[in-house]
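Good morning, everyone. Please have the model open on your screens while I talk, and stop me if a term is unclear.

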Amino acid sequence: MRAITVQDRDAGVRGLTLTERPYPHAAENDVVVRVHAAGFTPGELTWPGTWTDRAGRDRTPSVPGHELSGVVVESGYGTTGLTVGQRVFGLADWTRDGSLAEYTAVEARNLAPLPADIDHVTAAALPVSGLTAWQALFDHARLTTGQAVVIHGAAGGVGSLAVQLAREAGAHIIGTGRAADRATVLGLGAHSFVDLQAERLEDIGHADVVFDVIGGEILDRSTALVRPGGTLVTIARPVTVHPVDGRALFFVVEPDRARLADLAGRLRDGRLKPIVGAVRPLAGTAAAFAPERRTPGKTIIRVTED
């Protein structure tokens with residue numbers, strides 16, 4: 001089968017190479033999925049699981065990518081809940097070969113059934129971004145109706161879904177990003193927008209929840225925005241500067257079949273819409289994520305034609 005592989009940690013996205021790989025083995029509780037569309041985050045090339053297995057052993061050349069949508073073609077021993085021929089979407093495992101391949105083996109519990117009226121490209125944009133946004137806002141920050149939330153990177157794959165989920169929850173939303181993102185973020189339902197390149201972050205005032213996807217200086221300065229009893233939650237890196245009288249935490253998204261099904265239902269109802277910025281073929285993966293290329297929304301790799 002064809003797959004994108006990496007084996008040089010220092011090469012970045014330039015090291016994404018189209019190669020031939022063996023067909024995957026379906027272990028106990030696995031399914032093999034014929035991948036139709038896949039999502040990839042350039043930051044995962046810095047994650048230990050991209051390069052080593054659960055025991056810390058080198059596993060290169062490895063196949064990156066953790067979001068996928070496709071069709072089950074094989075079930076491993078003891079696998080329940082999914083059937084051959086079923087359309088599914090979800091998360092590939094962190095420390096095994098991932099979704100940038102024509103076929104991949106995934107633990108069945110990491111996948112949810114995909115309704116027939118949701119296309120694979122849209123579905124592939126939902127798992128990491130949707131689960132991350134939900135877990136940040138509601139599982140970790142416990143956002144409730146009437147609270148104020150600052151969402152950094154509000155036009156991105158994660159941020160745009162966070163804005164939509166916070167809007168439906170009845171929160172007051174302040175989105176941040178670049179000037180070109182203003183109309184998009186306000187159109188998603190944010191009540192106001194802050195241009196991080198031209199406006200002072202500190203002028204936002206205080207919020208009950210701050211959700212950061214950027215890290216660096218923005219993360220550190222955002223601690224001043226957290227009102228007493230509030231929460232700063234980030235997916236960028238562990239927190240080193242803490243709010244004076246609030247919580248701060250870093251987390252990594254976890255698979256959740258029930259929540260994936262819920263997100264798919266929201267998408268079908270028109271209450272949630274991932275922003276797909278570009279769709280590229282498998283052979284064009286490296287070019288699609290080149291550092292000089294910036295596309296609004298989430299770039300999806302079309303692996304197999306529907």
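I will go through the empty space first, then one helix and its partner, and then a few single residues.

A word on conventions before that. This is a predicted model, in which local features need pLDDT of at least 70 and side-chain atom pairs count only at pLDDT 80 or more, while totals for chains, interfaces and linings use all residues. Residues are numbered from 1 along each chain as its sequence is written, and side-chain values use heavy atoms, with hydrogens and water left out.

Let me begin with the empty space. Rolling a probe the size of a water molecule over the atoms shows where such space is left. The search runs on a 1 Å grid over the protein atoms alone: a cavity is a set of points where a 1.4 Å probe fits but cannot get out, a pocket is an open set with protein on both sides within 12 Å along at least five of seven lines, and lining residues have an atom within 4 Å of a point. Grid points are joined across faces, edges and corners, and a volume is the space filled by probe spheres set on the points.

What volume does the largest pocket have? The value is about 1,500 Å³. Its lining is made up of 40 residues, and those nearest the centre are Thr41, Pro42, Gly156, Gly157 and Val213. Helices and strands here are DSSP runs (H or I with at least four residues for a helix, E with at least two for a strand), numbered from the N terminus. On that basis H2, helix H3 (157-168) and strand S15 (298-302) each give at least two residues to the lining of the largest pocket. By class, that lining holds 22 nonpolar, 13 polar and five charged residues, where Ala, Val, Leu, Ile, Met, Phe, Trp, Tyr, Cys and Pro count as nonpolar, Asp, Glu, Lys and Arg as charged, and the others, Gly among them, as polar.

The second largest pocket has a volume of about 210 Å³. It is lined by 16 residues, with Arg21, Pro24, His25, Asp97 and Ala105 closest to its centre, and the lining divides into eight nonpolar, four polar and four charged residues.

As for closed space, the count is one cavity of 30 Å³ or more, and the largest cavity holds about 30 Å³. Its lining consists of Gly39, Phe40, Thr41, Glu44, Trp47, His66, Glu67, Trp94 and Val128, that is, four nonpolar, three polar and two charged residues.

Now to helix H2, residues 127-140, which packs with helix H6, residues 257-268, at an angle of about 100°, their axes being 10 Å apart. Axes are lines fitted to C-alpha atoms, for helices over the stretch in contact, and angles run from 0 to 180 degrees between N-to-C directions. H2 and H6 are therefore roughly perpendicular to each other, the label given to angles of 65 to 115 degrees, with under 35 called roughly parallel, over 145 roughly antiparallel and the rest oblique. On the H2 side, Pro127, Gly130, Leu131 and Trp134 meet Arg259, Leu260, Asp262, Leu263 and Arg266 of H6, contact meaning heavy atoms within 4.5 Å. The residues of this contact comprise five nonpolar, one polar and three charged.

Is H2 mostly covered or mostly uncovered? It is mostly covered, as 12 of its 14 residues are buried, which is to say under 20% relative accessible area, with exposed meaning over 50% and partly exposed in between (1.4 Å probe, protein chains only).

After H2 comes Arg142, in the loop between H2 and strand S8 (148-151). Arg142 has a positive phi of about 55° although it is not a glycine, and it is exposed, with a relative accessible area of 51%. Asn29, in the loop between strand S2 (17-20) and S3, also has a positive phi, near 70°, and Asn29 is partly exposed at 39%.

Two further items close the tour. The peptide bond from Thr60 to Pro61 is cis, with omega near 0°, and Pro61 sits in the loop between strand S3 (30-39) and strand S4 (67-75). Ala190, in the loop between helix H4 (182-188) and strand S10 (192-195), is buried at 8% relative accessibility; apart from neighbours within four places in sequence, Ala190 is in contact with Val163, Ile173, Gly175 and Val185.
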